[in-house]
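Welcome! Here are some short exercises to help you find your way around a new structure. Try each task before reading its solution.

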Amino acid sequence: SEKINTLSNPSQRKLFNQNMINVQGQLNRIASHHLFTESQKFQKTAFEAEIDANSSSVNLNYSDLETTNQSLTKINSASQDYGKTQGWNQQQIDLFVKDQQDKALLGAINLMQTNGDPSAIPSYFKQYKDYMSPQTQAKVGKLIQDNNADIFMTEIIKYKEDPEELDNYIGGLQDPNSKFSQSVGARNIPTLLGRAMSYRDAYDRNLVAEAKRKDEDGKKALGDFRKDIESGIPFSAQRLSELSSKVEGTASQSGFEKLNRSLPIFQLLYSMPADARESFINSYESDAKTKKSDNPQDVKFVTDQMRAIHTGLLDKEKNDPALAYSIKTGNPLTQAPTTLIIQGDSRALNIVSSNIQKMVATNLASGSTTGSINPLSKQQQEEMKSFWKSAPPNQRLHLVSNLQKAAQGNPNASREMIHSITGTSNNTFRWAAALNNRGLKDIANQMAVGQDLIDKGDVKIDEALLTQKTTEY
């Protein structure tokens, strides 16, 4: 009104009023538009908050289907209202509803995977599959297949030494229509199938290697059984059980059983003298041929083993008669300490003498006149040989003289003991010992020293002169 009062005429005042009316209308329209816009913004924010809250509810409550269903319904309602406020048509609104529910459900599935609960995904997917877009359905389907592949891989590793289970997986994965193949998808099959086949091949290789090792153990056990039989050393039940377990199920089992059945025959050989053994083996072989056995190979198998025993015993009788005696009688000889024998200890020499008498008696009882009567063990012989190599002539003479004393006039026992120490080509010390034990010590010592010089090459022998002097002597 103040502005109007300053105008000078009615025309100006009328024009001013008309302009004021136009300005007021414009201001009213601006204010109304602003209020409408702000109202729309508020409604949009409220609907978006409602959608977000229920999407979070779907995510967090995936194991609660009732709450999930309620939240999906609320997402639908809020999305419908939101679309209307945006002026969308119904098709646009439906697409928006589908997209919001799809995002919420995919979020829940991703949370299951993150929380280590992938086994819940298949049933959840089946329940809400129709709410999801084709793209999400494909993504979740792939996730389920990958999870199944992980489970199957774990099971394949678990059963890597179970051929039956591995064959089940291999067969299933090779069939594109099987539940295995369908559940993991074509892209996971090569990896799973490759791992299963790799384990199956490794199992087969290990099986072959184990069979080979077992067969080799069986061969060794059979060989050890033969050696034990040939040795004549009595079997313990534990030893027999140990060897039997190693040949069981191998190619060596048959041979082992043949030997085991023939043990009583083999054991007869241990108590026989050499000539009786030879006669027994020949008789056994002859009888078998006469009877025309149905299994000539078995007969040969047994006779070959008998001859191996015979050969082994001959070796012992020659090189270790003390052991041969213990095998034959089952009573080992008492052995005196080697050092005391060398020193000439009377008790040690009496033990040697007693052993000689036992061996002679055993030979006579078995009808043998050729059996060895050397009572020195293999170890004693080796220890005396070692002493002999470094001993001076007088100590060598002393050793041989002691062995002759222990023989107590048995020339065979004396000769066998001395030869086992000095060798069969050197009889000088044996002759010298005989003189020494008769009191001719000077001559005996001269012979010992002379032989030592000859052995060292310090003295050359004139055979003709030696023969002449020996004759004169």
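**Exercise 1. Find the residues of helix 18 that are exposed, on the side away from its buried ones.**

Solution. Start with the terms: helices are DSSP runs (H or I, at least four residues; numbered from the N terminus), and exposed means over 50% relative accessible area, buried under 20%, partly exposed in between (1.4 Å probe, protein chains only). Gln379, Lys389 and Ser390 of helix 18 are exposed. Turn to the other side: the buried residues are Gln380, Gln381, Met384 and Trp388. These four lie on the same side of helix 18 because they cover an arc of only 95° around the axis, the arc being taken from the directions from the helix axis to the C-beta atoms.

Before moving on, please note that this is a predicted model, where local features need pLDDT of at least 70, side-chain atom pairs count only at pLDDT 80 or more, and totals for chains, interfaces and linings use all residues. Residues are numbered from 1 along each chain as its sequence is written, and side-chain values use heavy atoms, leaving out hydrogens and water.

**Exercise 2. Which helices does the buried side of helix 18 pack against?**

Solution. Look for contacts, meaning heavy atoms within 4.5 Å. The partners are helix 14 (296-319), helix 15, helix 16, helix 19, helix 20 and helix 21.

**Exercise 3. How many residues does the largest nonpolar core have?**

Solution. Such a core joins buried Ala, Val, Leu, Ile, Met, Phe, Trp, Tyr and Cys residues through side-chain atoms within 4.5 Å. The largest has 31 residues, and Met384 and Met417 are among those with the most contacts inside it. Helix 19 gives the largest share, 6 residues.

Terms used
Helix = DSSP H or I, 4+ residues; strand = E, 2+ residues; numbered from the N terminus.
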